[in-house]
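New to this one? Take a moment to look it over, and then we can walk through it together.

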Amino acid sequence: MKKQVTWTTEEWNDWRWHQKNRVRNLEQLEEWVDTTADEREAFEKTDAVFHMGITPYYASLMDPVDPNCPVRLQSVPSLAETKISNWDLDDPLGEEADMVVPGLTHRYPDRVLFYTNHNCAMYCRFCTRKRKVSDPTSMTNKSAYENLFQDLAEHPEVNDVVISGGDPLSLSDKRLMVIFEELSKIPHIKYCRLGSRNLVTLPQRVNNDFCDMLKHYQSRNLSIFFNTHYNCPEELTDEAWDACDRVAASGTPMNNQMVLLKGINDSVERVSELNRKLLQMRVRPYYIYQCDLAEGVSHFRTSIAKGLEIVKGLRGHMSGLASPHFVVDAPGGGGKIPLSPNYVVGMDEGSLMLRNFRGKVYRYPETELQLSSLTPECLHDKI
Ligand SMILES: *Cc1c(COP(=O)(O)O)cnc(C)c1O
Ligand code: SF4
């Protein structure tokens, strides 16, 4: 019989208790699940490269007997991680090349990505930033922070800061206050988004004190958004919902960035269920990401066709608010490229032929494009 992990209600509601009691080795893992030979060997082989770290809260969502449980697949190492495919890249998004100062990637005209630290409450096995995350020596230090705010102040074209990591919510509220304070002082920074998975892996972190802080820093000069990362319906617990209620009450809009993952959410049914419930929780589905070409995650990767099938199955069939964009973050630093099913199916006598979500075709007149000189193949290039 498994050893039961025990706690008091007070401990369970305290995020620091979860952080201290994270599942970091096999012995601790076995307190939650019957581990398989594959999982045990995978832990030994991967721990040096990418640690296992699971909050008791997230571990409590795992199926103790089913190794294919979607929560377990996201958090417990598997031997498939040791297979590096030909396409895998160490820095799949070329984030180092666009790093203007340490901790800041400036790729798009008006917005930047700010890496606050490289710790996370839970280490996701499919992580794009594996090369850095879980390595405590890669932390952004105090002088790097100073340079970074200096750089932001000197770039009036930047008005949006994506606060990411690792996970910014691994920092204390005090450290986060410094960040909001500094951003609030720069007049051209109009929005920022906290990119955090704590609403999923450690909702206790998103407590009243934290939400009071969000409310305090929301202003006409700086609008704060919370971007999170739910991947499957099993993650939408009452505790998660309570945490989202607290964020919503602080006046902070929430968006979800899901990664398409084999065996976890790769069907229209799974994503519909996730997105419907997210909308109830006032979290708006924002992006579905194609899984990046990070090393050792090929077993999670689905085809692009699968992603297109899913967005086709959502759009029109359910609330537009729950129908996100499907994007591929191009390897080598090309940035996000949106992909959509084809709704322009052809042209006929000065009209475009458009397909609706039911597959019925409708004619719409088009005056700007020289339709007679176009073939259906090059039509998309012109639009
Ligand atoms: C995703 C990303 C952003 C934000 O892009 P949006 O499409 O505005 O969400 C900004 N910078 C980098 C480097 C990114 O990868
Ligand atoms: S929370 Fe994000 S950065 Fe951290 S391990 Fe998961 S995917 Fe990677």
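Here is a quick tour of the domains, the cores and a ligand site.

Keep in mind that this is a predicted model. Let's begin with how the protein chain is divided up, according to its domain assignment:

| Domain | Residues |
|---|---|
| domain 1 | 9–82 |
| domain 2 | 96–339 |
| domain 3 | 344–379 |

Going by C-alpha atoms, the centres of domain 2 and domain 3 are 37 Å apart.

Now for the inside. The largest nonpolar core has 87 residues, and the members that touch the most others are Leu152, Phe180, Phe210 and Tyr230. Domain 1 and domain 2 each supply at least three residues to this core. There's also a second, separate core, made up of 5 residues, with Phe50, Tyr123, Cys127 and Val133 among them.

Tyr230 is worth a click. Leaving aside residues up to four places away in sequence, its contacts include Leu199, Val200, Leu236, Cys244, Met258 and Leu278, along with Glu235 and Asn256.

Last stop: ligand 2. What surrounds ligand 2? The residues around it are Cys120, Met122, Tyr123, Cys124, Cys127, Val133, Gly166 and Arg197. Sorted by class, that shell comes to 6 nonpolar, 1 polar and 1 charged residues. As for the space ligand 2 takes up, that's the largest pocket. You may spot some familiar names here: Tyr123, Cys127 and Val133 sit around ligand 2 and also belong to the second core.

Conventions
Residues are numbered from 1 along each chain as its sequence is written. Chains are lettered from A and ligands numbered from 1 in the order in which they are written. This is a predicted model: local features need pLDDT of at least 70, side-chain atom pairs count only at pLDDT 80 or more; totals for chains, interfaces and linings use all residues. Side-chain values use heavy atoms; hydrogens and water are left out. A residue is near a molecule or strand if one of its heavy atoms lies within 4 Å of it. On a 1 Å grid over the protein atoms alone, a cavity is a set of points where a 1.4 Å probe fits but cannot get out, and a pocket is an open set with protein on both sides within 12 Å along at least five of seven lines; lining residues have an atom within 4 Å of a point. A molecule sits in a cavity or pocket if more than half of its atoms lie within 2 Å of its grid points. Ala, Val, Leu, Ile, Met, Phe, Trp, Tyr, Cys and Pro count as nonpolar, Asp, Glu, Lys and Arg as charged, and the others, Gly among them, as polar. A nonpolar core is a set of buried Ala, Val, Leu, Ile, Met, Phe, Trp, Tyr and Cys residues joined through side-chain atoms within 4.5 Å. Buried means under 20% relative accessible area, exposed over 50%, partly exposed in between (1.4 Å probe, protein chains only). Domain bounds come from an automatic or database domain assignment. Contact means heavy atoms within 4.5 Å.
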